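The following report concerns the structure shown below. Please consult the sequence and the model while reading.

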There are 2 protein chains.
Amino acid sequence: MLALTILGNNSAIPAYGRNPTAQVLQTQDEAYLIDCGEGTQQQMIRYKIRRSKINHIFISHLHGDHYFGLIGFLTSMSLLGRTTDMHVFGPPLLEEIINIQLRAADTTLSFRLYFHGITKEGPLANDKRLTVTCFKVKHRIDCWGFLFRENKNPRSIDIERARSYEIPATYFEELQKGKDYRNKKGDIIPNNQVTTAAPAAKSYAYCADTLFDETLAEKVKGVDLLYHETTYLKDLEDRAAMRFHSTTVQAAEIAKLAGVKKLIIGHFSSKYELLDAFLTEASEVFPNTELALEGLCISA
Amino acid sequence: MLALTILGNNSAIPAYGRNPTAQVLQTQDEAYLIDCGEGTQQQMIRYKIRRSKINHIFISHLHGDHYFGLIGFLTSMSLLGRTTDMHVFGPPLLEEIINIQLRAADTTLSFRLYFHGITKEGPLANDKRLTVTCFKVKHRIDCWGFLFRENKNPRSIDIERARSYEIPATYFEELQKGKDYRNKKGDIIPNNQVTTAAPAAKSYAYCADTLFDETLAEKVKGVDLLYHETTYLKDLEDRAAMRFHSTTVQAAEIAKLAGVKKLIIGHFSSKYELLDAFLTEASEVFPNTELALEGLCISA
């Protein structure tokens, strides 16, 4: 299961109590921080995110509303005495930005920080439950989307039934992979007699800041949850294009083309105080749409 | 008149809803931003600070809780279309930290930013109403305190009375300076017959992060309002010294030694949820003490 918490949903500047972009994706064991606008650490406290569970941070691009909160989050973790390794993925220049600020404060972090500069599409990280890859999106400066896919879980063995068929424990790993068992007499025990399917592996794609780009649909095809930015309502399509952003309708079209299960929209321009029209416009094209409201936790 | 608004009062990390250090000092015409921890721009919105009135920013030192909000504030001002010059005063490395982040975002600010690296004690800025100087305080890294002094206001002329004595308008500037007038007959018209005193010039000293240092008292002697950090309660004097910070009693002793009118204490350690004891302890040594509570506006 994946659970996405929205910590910030506004574009460019904070407005109407809305904060710049930050999200936390949680699996059973870990939490993944996606972008980190100014005030993210304060938002984590507000929404009771367990900060110690965050070991991986993904920064889409170096516009401030997506990363100005990173240095504060890292140094606070250090002040709180964190010792676990931290991995940060982002545009290469980010490493220098972090380092100059640590140097200025004469600070050495209490944990090891591994910086991974993103320079091409492909795999970034994986642990036992999740694989993360990145893909290019079209923005004014280099910008990356992130795709989080749960690894296929092993089938669950009904140990009692497996023993009743006299299947040896040494064969259990094969059972978890879905293989049938042939006993000494040559009888076949079908796998589904002794195992049950694992929950389906879920997926989440984060499309950062981007122009409307139909080729994105292929990259995020069939994901359970898609976040696509909607800086503007549909009447401002020209302005969106000029500023390398998208509208409600464009985000919904990507969701439809990609055949995703659910669309989350955010990165609202500060020109809008009310957000209702965002939901209305996107839902007309892709009904299963939700606004990325701060504090909201969405499961996939 | 000077009016000080507290935007953040916590040390090191945000905690219990308290934000890192930031203050705004307002005169009749201008606003001066003093330190700018993460989330300062959000706090300015919350407490209705007129951001466009801020033309001077003073950063005491490069620990993140005193400046991580600066780059966000500057870029937001640019996104809002500011065109007025902005002056930033702080440790020289801050200029590079600002510039690398602007470069990473491929951003040119909409206004001219003048950076003034602080390397020695002395005058920093002055306009018609206010003169700002800086003084060294004792911290783990280079750190500066700031002294804001209203310029002596000219005396107000009672024009009707001045005319009744046939004092020519060309002499009014001398009257404002306090000079008497001698008319053609040789009679002396005493200045106080035709002018009234201006309101007293006020002063505010900001002592940033500092060890207990008695020599500070001389530097802030007799100010109307003194802000002195109190990271710890008095029982943690040793820890305060080790970390180059001060206690309640130490701050109050500086206020007493300096003979200031009022003491404001802040920069509370995140280990304290409640702040009552800070006020109690400091007030025992210096009765006219107030806590730097966020949102509070204190006049001098």
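Strand β1 (residues 3–8) of chain A is joined to β18(A) by three bridges, and the two run antiparallel. Within this pairing, A:T5 stands opposite A:C297 in β18(A). Strands (E, at least two residues) and helices (H or I, at least four residues) are DSSP runs, numbered from the N terminus, and two strands pair if DSSP finds at least two bridges between them.

The model is predicted: local features need pLDDT of at least 70 and side-chain atom pairs count only at pLDDT 80 or more, while totals for chains, interfaces and linings use all residues. Residues are numbered from 1 along each chain as its sequence is written, and chains are lettered from A and ligands numbered from 1 in the order in which they are written.

Both strands belong to an open sheet of seven strands in chain A, ordered β6-β5-β4-β3-β2-β1-β18, with mixed pairing. The edge strands, each pairing on one side only, are tabulated here.

| Edge strand | Residues |
|---|---|
| β6 of chain A | 113–117 |
| β18 of chain A | 297–299 |

Chain A is divided into domain 1 (3–153 + 199–299) and domain 2 (156–196), with bounds from an automatic or database domain assignment. The C-alpha centres of these domains lie 43 Å apart.

In chain B, helix α8 (residues 248–258) and helix α9 (residues 276–285) pack at an angle of about 35°, with axes 8 Å apart. These axes are lines fitted to C-alpha atoms over the stretch in contact, and angles run from 0 to 180 degrees between N-to-C directions.
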